[in-house]
Each structure stands twice: as C-alpha cells, then as structure tokens.
Amino acid sequence: MDSMSMSDHMFFAKVAERAERWDDMVEHMKFAMEMSDEMTVERRNNFSVAFKNLVGSRRAALRVIDAKLEKGKNKEEANKVRICHDLRSKIVTEVNKICNEVVDIIDRTLPNVTDAEHKTFFYKMLGDYHRYLSEFAEGELRSQSADNSLGAYTNAQKISESELAPTNPIRLGLLLNFSVFYFEIMDQKEIAIDLAKRAFDGAITELDDLSEDSYKEATVIMQLLRENLCNWTEVEQRQIPEERSDSDAGRSDS
C-alpha cells in the first residue's frame, strides 16, 4: 500500500465501506490519515466511520455476552459461563486494541489541526474511544480511561461553545455523547440530564436559520437527545434499567 496515493486510499476506503469490509477500510484510512497534515471533512468522516463500525460490532457483542452472564448468574451452568467469560475476554482484548489504535492516531493528528470544527470532532472522538475503553474495564483501568474521556470531552466542549453554533451537528453530537458518558460511566445522572437538556434547548431556538441539509442533520441528533431525556427521566423516577442513544448510531459521527 505504500505506493498508493491519498486519492487511491480514499477510493479503496469508500469501496470497502460499500462492501462493509471494515478491516480493509480501516487499513486504507490509517494510511490516509498519515499522508497529509491538511484535514478535510471527507477524510475525518471516513476515518471515523471505519473504526466506528469495526469497534461497534464488538461492543454490541459484549453487551449480549454480559446480558447472558447476568441471566445465568444463579444457574448451575459452570461450563457455559466459562465459555462466555473466555469469549468476553477475547472480545475485550480486541476492543482495547482498536480503541488504543484510534487514540494513538488522534494524538498524532490533533497537534496539526487548527480548524475549530475539526478540533471539536477529534476531541469528541478521543472522548468516545476512551469511553469505550472504560465501558468494559474494571478498577484502575476503568478510572484512568474515564478520566481521559472526561478530559477529551471537556476540551471539545470548550472549543465548540466558543466557536460553533448551538445547532452545529458536531457540537450537538459531542453534547449527546458527553451526556451519555456522565450517565453511564460517571453515574452522574443529574449532570447528564442537564447537559442533554441544555443542548436541546439551545439548538431548538435556532433551527429556523438552518439550510435544509443542516436542519435534517441537527434534528436527527436532537431526536436522540430527546429520547435520552425521556428515558433518563423515567429511570430517575422509577429506577428501572436505562437505555440510551448516542451519535455512534448510523453512519454519521454527528
């Protein structure tokens, strides 16, 4: 692949995306990210999509396994439980490898990024992948990953609030995922609800000023914010198991 140009890597990444060959897409985007310090929307989005799909299936698999382990906790099925634990351990290792690779690439990319939207995007993505590391970790590793996630999200929030409009999809996606972080990882539910509500309320007053495309993108994320607010408020009132939406759903990393 070393002899391929940037456009070649981007072309093959798009073909791999259409074919849902996420490992191949990741390999081409890793090369593309190293080939120029000048960032583009297409390159950052393809980079995000490639790794999101690669790690997303594994995160979903871990949730299934954890639910199975919880369900079988009081049953005498020691062999099945051991098999589930072995599979879980294998997938956690894969998730950690993917997340650490993303973090390493972003850490090398960020010093060369000056555009406020690009910087917000990458700090948000950094927060997301540290959050993924903390989801299935324990003890000191979970605490360290959570601290790293908090720092990245906070940096993104500072930049977005001073440079980006309340309806900007990158800013909305950041606040959506930051609120999920507070709710699920930090167990600070009141902060999560307040953050999501402020993001929603701040954007809804400015929707009429958006173009049609921007309106559609912003309202998709606002719907996720609203769903979380409804679910989380119900959780607070009834203390039932919660569900949440974040901007990792779908293709766009909004």
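The legends below describe close-up views of a predicted model.

**View 1. Helix 4 and its buried residues.**
Helix 4 covers residues 78-109, a run of 32 residues. From its first C-alpha to its last, helix 4 reaches 46 Å, close to the 46 Å expected at 1.5 Å a residue. Its buried residues include Cys84, Arg88, Ile91, Val92, Val95 and Ile98. Further along the helix, Cys99, Val102, Val103, Ile105, Ile106 and Thr109 are also buried. Among the elements that cover these residues are helix 2 (22-34), helix 3 (41-71) and helix 5.

**View 2. A salt bridge between helix 4 and helix 2.**
The side chains of glutamate 101 and lysine 30 form a salt bridge, with 2.6 Å from N to O. Glutamate 101 belongs to helix 4 and lysine 30 to helix 2, so the pair ties together parts that are 71 residues apart in sequence. Glutamate 101 has a relative accessibility of 22% and counts as partly exposed. Lys30 and Glu101 are also linked with Glu27 in a network of salt bridges.

**View 3. A salt bridge within helix 4.**
Arginine 108 and aspartate 104 meet through their side chains in a salt bridge of 2.2 Å, N to O. Both residues lie in helix 4, 4 residues apart, which is about one turn of the helix. Arginine 108 is partly exposed, at a relative accessible area of 39%, and aspartate 104 is partly exposed at 40%.

**View 4. Helix 6 and its packing partners.**
Helix 6 comprises 25 residues, from 139 to 163. At 1.5 Å a residue it should span 36 Å, and its end C-alpha atoms are 36 Å apart, so the two values agree. The buried residues of helix 6 are Ser145, Ala146, Ser149, Ala152, Tyr153, Ala156, Gln157, Ile159 and Ser160. They pack against helix 5 (116-135), helix 7 (169-185) and helix 8 (189-204).

**View 5. A salt bridge within helix 8.**
Lysine 197 and aspartate 201 join their side chains in a salt bridge, at 2.8 Å from N to O. The two residues are 4 residues apart in helix 8 and are therefore separated by about one helical turn. Lysine 197 is partly exposed, with a relative accessible area of 45%; aspartate 201 is partly exposed at 32%. The count for the model comes to 18 salt bridges.

**View 6. A nonpolar patch on the surface.**
Phe11, Phe12 and Val15 form this patch, and together they have about 280 Å² of accessible area. Valine 15 lies in helix 1, residues 6-18. Its relative accessible area is 36%, so valine 15 is partly exposed.

Definitions and conventions
Residues are numbered from 1 along each chain as its sequence is written. This is a predicted model: local features need pLDDT of at least 70, side-chain atom pairs count only at pLDDT 80 or more; totals for chains, interfaces and linings use all residues. Side-chain values use heavy atoms; hydrogens and water are left out. The expected span of a helix is 1.5 Å times one less than its number of residues. Buried means under 20% relative accessible area, exposed over 50%, partly exposed in between (1.4 Å probe, protein chains only). Contact means heavy atoms within 4.5 Å. Patches are made of residues with over 30% relative accessible area and no salt bridge: like charges are joined within 9 Å, nonpolar side chains (Val, Leu, Ile, Met, Phe, Trp, Tyr) within 5 Å. Accessible areas come from the Shrake-Rupley method with a 1.4 Å probe; for residues, only the protein chains shown count as cover. A salt bridge is a side-chain nitrogen of Lys or Arg within 4 Å of a carboxyl oxygen of Asp or Glu.
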